[in-house]
Amino acid sequence: MRHAETGSTVTISYIGTLDNGRIFHSTEEHGPQTFTIGAGQIFPALEQAIIGMRAGEVKNIVLTAEEAYGPRLQENIIRVARQNFPAGKEIVVGQKLSIEFKGGASRVMVVTAVSEADVTLDGNHPLAGLDLTFALSLDRVE
């Protein structure tokens, strides 16, 4: 039976949880994930944990925040004057907005606070700063 190695195309099933037990993603809901090890399609630390596994093998894998989405960075949180948004546009906490920056770059940010004077936007990934646990099954190795 073949084991997973760099260049292998593998299919995995998993339940991803946070330290508090909350499920952040599950292939039971979204379907198995297929990728090629070494192609940069998933976290490198997760790839390394899968290398050496055989089809049918099950493993719990913990990725630190640094190995996953990185730490929450204060510089990814900005306050923008409310007047920079179209008049009459409703802006509410939790809303996702695509913000364009100088130079043409854009980023989806989440509204975390709204006042008459300004809007606070967070550009951190929702899972940044969190350790992730994967209850993972290697379904197939090619």
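Helices and strands here are DSSP runs, strands having at least two residues, and they are numbered from the N terminus. The model described is a predicted one.

**Strand β1 and T17**

By that assignment, T17 is placed in strand β1. T17 has a relative accessible area of 19% and is buried, because buried means under 20%. Leaving out residues up to four places away in sequence, T17 touches R22, I23 and F24, and also D131, L132 and T133. Two of the residues just named, F24 and L132, also belong to the lining of the largest pocket.

**The largest pocket**

The space in the largest pocket comes to about 180 Å³. Its lining consists of Y14, F24, H25, Q33, Q41, I42, F43, L46, Y69, L127, L132 and F134. Two or more of these residues come from β2 (23–26), and the same holds for β9 (132–141). By residue class, nine of the lining residues are nonpolar and three are polar, while no charged residue takes part.

Q33 is one of the lining residues and is placed in strand β3, which covers residues 33–36. With a relative accessible area of 26%, Q33 is partly exposed. Beyond its neighbours within four places in sequence, Q33 is in contact with V10, T11, I12, Y14, T27 and I42. Of these contacts, Y14 and I42 are themselves named in the pocket lining. The C-alpha atoms of Q33 and Y14 are 8.8 Å apart in space, and the two residues are 19 residues apart in sequence.

**Nonpolar cores**

The largest nonpolar core holds 22 residues, and L46, I50, F134 and L136 have the most contacts inside it. At least two residues of this core are supplied by each of β1 (9–17), α2 (44–50), β4 (58–63) and β9. The largest share, five residues, is that of β9. Another core lies apart from it and has nine residues, including L97, I99, M109 and V111.

L46 and F134 occur both among the residues with the most contacts inside the largest core and in the lining of the largest pocket.

Which residues does I50 contact, leaving aside its neighbours within four places in sequence? They are A4, I12, F35, I37, I42, I61, L136 and L138. Among them, I42 is also a pocket-lining residue, and L136 is named with I50 for its contacts inside the core.

**E57**

E57 is found in the loop between α2 and β4. Its relative accessible area is 31%, so E57 counts as partly exposed. Apart from neighbours within four places in sequence, the contacts of E57 are G52, L136, S137 and L138. L136 and L138 are likewise in contact with I50. In the other direction, E57 and A39 are 18 residues apart along the chain, and 22 Å separates their C-alpha atoms.

**Salt bridges**

Four salt bridges are found in a search of the whole structure. Three of them are listed here with their N to O distances.

| Pair | Closest N and O atoms |
|---|---|
| R2 and E5 | 3.9 Å |
| R72 and D122 | 2.2 Å |
| R79 and D118 | 3.6 Å |

In the bridge between R2 and E5, R2 is partly exposed at 42% relative accessibility, and E5 is partly exposed at 35%.

R72 and D122 form the next bridge in the table. R72 lies in the loop between β4 and β5 (77–81) and D122 lies in strand β8 (residues 118–122), so this pair ties together parts that are 50 residues apart in sequence. R72 has a relative accessible area of 41% and is partly exposed, whereas D122, at 8%, counts as buried.

R79 and D118 also form a bridge. Here R79 is in strand β5 and D118 in strand β8, so the parts tied together are 39 residues apart in sequence. R79 is exposed, with a relative accessible area of 63%, while D118 is buried at 19%.

Note on methods. Residues numbered from 1 in each chain as written. Predicted model: local features only at pLDDT ≥ 70, side-chain atom pairs only at ≥ 80, totals over all residues. Heavy atoms only, no water. 1 Å grid on protein atoms, 1.4 Å probe; cavity = no way out; pocket = protein on both sides within 12 Å on 5 of 7 lines; lining within 4 Å. Points joined across faces, edges and corners; volume = space filled by probe spheres on them. Helix = DSSP H or I, 4+ residues; strand = E, 2+ residues; numbered from the N terminus. Nonpolar A, V, L, I, M, F, W, Y, C, P; charged D, E, K, R; others polar. Core = buried A, V, L, I, M, F, W, Y, C linked by side-chain atoms within 4.5 Å. Buried < 20%, exposed > 50% of the residue type's maximum accessible area, 1.4 Å probe, protein only. Contact = heavy atoms within 4.5 Å. Salt bridge = Lys/Arg side-chain N within 4 Å of Asp/Glu carboxyl O.
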